[in-house]
Amino acid sequence: MGAFEVGNTLLMLAVCFLTLYPMWFVLVNSLNSPAQASLGTVNWFPKEFSLASYSVAFNDKTLMNGFYITTMRTIIGTVVHVLFTAIVAYGMSKSNLMGRKLYLKISLITMLFSGGLIPSFILMTKLGLYDSFWVFIIPSMYTFFNMVIFMSFFRTIPDSLEESAKVDGASDYGVLFRIVLPNSMAVIATISLFSAVYHWNDYYQGVIYIHSQELLPLQTMLYKIIAENSMSFMQQQAMAQFGARLPGNSIKFASMMVATLPILIFYPFIQRYLVKGVMIGAIKG
């Protein structure tokens with residue numbers, strides 16, 4: 001192995017370490033005893049193993065309600081986004097669609113430019129979406145970037161399949177749902193991953209458009225816990241449960257792991273479709 005290969009390997013190991021260590025630090029401190037976690041020391045493994053912080057996190061009804069809201073938002077938002085974007089992309093993939101170039105130009109403008117926060121807030125308010133669960137779903141039903149991936153993939157499907165289905169009496173929707181989508185699982189998995197990660201990690205919409213505590217997503221609650229240091233309620237629960245006040249850092253680390261682990265567990269099962277779907281959708285064969 002030459003010097004270049006050795007240097008490249010060491011560089012990749014360093015990048016991997018810098019990427020994984022913050023998550024490992026949070027995990028170790030979340031499993032440490034509250035006293036150890038409050039010290040903020042660097043430990044490779046928990047010095048005093050304890051699940052007290054997780055017990056407080058899982059017994060917090062507000063946090064678990066945020067987990068439920070985020071889960072429902074991710075599931076519904078992903079299904080609706082994939083379905084709606086696929087329908088639009090299927091129409092856009094047809095060169096004989098009237099006004100196709102105009103629609104593409106209008107959609108492209110929405111990807112490059114935004115109206116800004118204030119117009120968006122006014123629009124959501126006028127549509128009755130402010131402080132509503134549907135503010136998480138409806139604005140994210142369609143994105144131009146994902147539509148282009150879908151559209152490029154649909155063009156790789158032989159026209160003979162669609163023509164055969166239409167000869168048998170299938171409508172355009174029948175062709176889409178019976179022929180096109182079943183042969184597009186790679187790109188569907190890719191777009192589903194993009195959408196699910198966005199919905200799970202997004203906290204901004206909850207900060208701007210949600211006022212009711214019952215509708216706050218988990219990530220928005222985590223943002224408030226970390227940024228605003230709003231730990232008093234969960235610490236009161238800790239006092240009632242353990243007879244002691246758990247340090248804020250201990251509960252923060254546990255809350256961060258609760259918010260992060262589901263998407264980390266889900267990702268490896270679908271990651272193999274990611275590169276395949278993007279590459280096939282980017283090449284017209």
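Gln205 touches Arg73, Val135, Phe136, Pro139, Tyr198 and Ile210, leaving aside residues up to four places away in sequence. This is a predicted model, and Gln205 is a good place to enter it. The residue lies in helix H11. Its relative accessible area is 9%. Gln205 therefore counts as buried, the cut-off being under 20%. One of its neighbours is also a polar partner. The side chains of Gln205 and Arg73 are joined by a polar contact of 3.0 Å.

Follow that contact to Arg73. Arg73 has a relative accessible area of 0%, so it is buried. What does Arg73 form with Asp202? The two form a salt bridge, and their closest N and O atoms are 2.8 Å apart. The pair links distant parts of the chain. Arg73 sits in helix H4, while Asp202 sits in the loop between helix H10 (185–201) and H11. In sequence, 129 residues separate them. Asp202 is buried as well, with a relative accessible area of 11%. Side chains of opposite charge can pair when their charged atoms come close. How many salt bridges does the count come to? The count comes to one.

Now step back to the whole chain. The protein has 14 helices and zero strands. From the N terminus on, every entry in the run of elements is α. There are 285 residues, of which 39% count as buried. Take the contacts between residues at least 6 apart in sequence: 73% of them join residues at least 24 apart. The protein exposes about 16300 Å². Carbon and sulfur atoms supply 69% of that area.

The database record adds a layer. An unreviewed UniProt entry lists residues 7–27, 67–90, 102–122, 134–154, 175–198 and 251–270 under "transmembrane region". Two of these spans can be set against the model. Residues 7–27 are 100% helix and 0% strand. The end C-alpha atoms of residues 7–27 lie 30 Å apart. Residues 67–90 are likewise 100% helix and 0% strand. For residues 67–90, the end C-alpha atoms lie 34 Å apart.

Next, the interior around helix H9. Which residues of helix H9 (residues 172–180) are buried? They are Gly174, Val175, Leu176 and Val180. These buried residues pack against helix H4 (61–92), helix H7 (144–154) and helix H8 (159–167). Helix H7 also holds Asn146. With a relative accessible area of 7%, Asn146 is buried. It touches His81, Thr85, Ile191 and Phe194, again leaving aside residues up to four places away in sequence.

Turn to the surface. Leu117, Ile118, Phe121, Ile122, Tyr130, Tyr203, Tyr204, Val207 and Tyr223 make a nonpolar patch of about 800 Å². Helix H6 (117–126) and helix H11 (204–209) each supply at least two of its residues. H6 gives the most, with four. An α-helix has 3.6 residues a turn, so residues three or four places apart point the same way.

Val207 belongs to helix H11. Is this residue buried or partly exposed? Val207 is partly exposed, at 32% relative accessibility. A patch residue needs over 30% relative accessible area, so Val207 clears that cut-off. Gln205 lies in helix H11 too, but Gln205 is buried.

On helix H6, look at Ser120. Its relative accessible area is 23%, so Ser120 counts as partly exposed. A polar atom of its side chain lies 2.7 Å from the backbone oxygen of Gly116. Ser120 can also be placed relative to Pro139. The two are 19 residues apart in sequence and 10.0 Å apart in space, C-alpha to C-alpha. Pro139 is among the residues that Gln205 touches.

One last stop is the loop between H6 and H7, which holds Asp131. Most residues other than glycine have a negative phi. Asp131 has a positive value, near 60 degrees. With a relative accessible area of 23%, Asp131 is partly exposed.

How values were computed:
Residues numbered from 1 in each chain as written. Predicted model: local features only at pLDDT ≥ 70, side-chain atom pairs only at ≥ 80, totals over all residues. Heavy atoms only, no water. Patch = residues over 30% accessible without salt bridge, like charges linked within 9 Å, V, L, I, M, F, W, Y side chains within 5 Å. Areas by Shrake-Rupley, 256 points an atom, 1.4 Å probe, with all protein chains shown as cover. Salt bridge = Lys/Arg side-chain N within 4 Å of Asp/Glu carboxyl O. Buried < 20%, exposed > 50% of the residue type's maximum accessible area, 1.4 Å probe, protein only. Polar contact = N/O pair within 3.5 Å; in protein donor to acceptor, adjacent residues only side chain to side chain. Contact = heavy atoms within 4.5 Å. UniProt positions renumbered as here; feature names shortened; annotations may be inferred.
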